[in-house]
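Please examine the sequence and the structure shown below. The report that follows begins with one helix and then turns to the protein as a whole.

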Amino acid sequence: MFLDATKAFDRVDYCKLFRQLLKRDLPHIYLRMLLNLYTNNVAYVSWNGIQSKNFPVRNGVRQGGIISPVLFCIYIDGLLCMLSESGVGCYIGRVFVGALAYADDIALLAPTPSAMRRLLRICDEYGQKFSVMFNAPKSPWLLVSNSKQPFKCVPEFFALVINV
């Protein structure tokens, strides 16, 4: 399943992001620089030659910013750890490959529909805690089978839901 996180970069909670950065022993000078860059951020809207007043930006990492994908990876690293620690998903040898991610693109791999449901529940739980909202209609899934016989699809067996 390929998860689509709705407005993922815009939903980053600064307090939670900076707690994650603190846990990683980021040198304090860089942490202070990022903290200043993000907490003292203001924006304005310009439309049709008219500019609004400045307003504070309270959350989110900058779309298109060079460091934004890296910061988002750090923000969701806890999710990837939870998925790995669940013991559910696909493995190559002893290496967990059940969740592959870069920034807001996440691919989940599971050997069975029930295993996928468990991974999706973990994503839901993490999403609720970290304001990550997964968009079910934009999250396609793919079934791969090694069976040579035609596959009979039982809709209830493959029912996968997220964000309910």
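In this predicted model, helix H3 has 18 residues, and at 1.5 Å a residue these should span 26 Å. The C-alpha atoms at the two ends of H3 are 26 Å apart, which agrees with that expectation. Helix H3 nevertheless has a kink of about 45°, centred on Ile76. Following H3 is Gly87, whose phi is positive, near 75°.

Which residues of H3 are buried? They are Ser68, Pro69, Leu71, Phe72, Ile74, Tyr75, Ile76, Leu79 and Leu83. Ile76, at the centre of the kink, is therefore under the 20% relative accessible area that defines a buried residue. A general rule helps in reading such a list: an α-helix has 3.6 residues a turn, so residues three or four places apart point the same way.

The loop that lies between strand S5 (55–56) and helix H3 (68–85) contains Val61. Is Val61 buried or exposed? Val61 counts as buried because its relative accessibility is 3%, and the cut-off for a buried residue is under 20%. Leaving aside residues up to four places away in sequence, Val61 touches Phe9, Val12, Leu17, Tyr38, Ser68 and Leu71. Two of these partners, Ser68 and Leu71, are among the buried residues of H3. Val61 and Leu71 are 10 residues apart in sequence, and their C-alpha atoms are 7.7 Å apart in space.

A residue in another loop gives a second example. Tyr44 lies between strand S2 (42–43) and strand S3 (46–47). With 46% relative accessibility, Tyr44 counts as partly exposed. Together with Val45, Trp47 and Phe55, Tyr44 forms a nonpolar patch on the surface, and the accessible area of the four residues is about 470 Å².

The two loop residues are set side by side below.

| Residue | Loop between | Relative accessibility | Class |
|---|---|---|---|
| Val61 | S5 (55–56) and H3 (68–85) | 3% | buried |
| Tyr44 | S2 (42–43) and S3 (46–47) | 46% | partly exposed |

The protein as a whole comes to 4 helices and 10 strands. From the N terminus on, its elements run β-α-α-β-β-β-β-α-β-β-β-β-α-β. Of the 164 residues in the protein, 32% are buried. The protein exposes about 11000 Å², and carbon and sulfur atoms supply 59% of that area. Among contacts between residues at least 6 apart in sequence, 64% join residues at least 24 apart.

Definitions and conventions: Residues are numbered from 1 along each chain as its sequence is written. This is a predicted model: local features need pLDDT of at least 70, side-chain atom pairs count only at pLDDT 80 or more; totals for chains, interfaces and linings use all residues. Side-chain values use heavy atoms; hydrogens and water are left out. Buried means under 20% relative accessible area, exposed over 50%, partly exposed in between (1.4 Å probe, protein chains only). Contact means heavy atoms within 4.5 Å. The expected span of a helix is 1.5 Å times one less than its number of residues. The bend at a residue is the angle between axes fitted to the seven residues ending there and the seven starting there. Accessible areas come from the Shrake-Rupley method with a 1.4 Å probe; for residues, only the protein chains shown count as cover. Patches are made of residues with over 30% relative accessible area and no salt bridge: like charges are joined within 9 Å, nonpolar side chains (Val, Leu, Ile, Met, Phe, Trp, Tyr) within 5 Å. A salt bridge is a side-chain nitrogen of Lys or Arg within 4 Å of a carboxyl oxygen of Asp or Glu.
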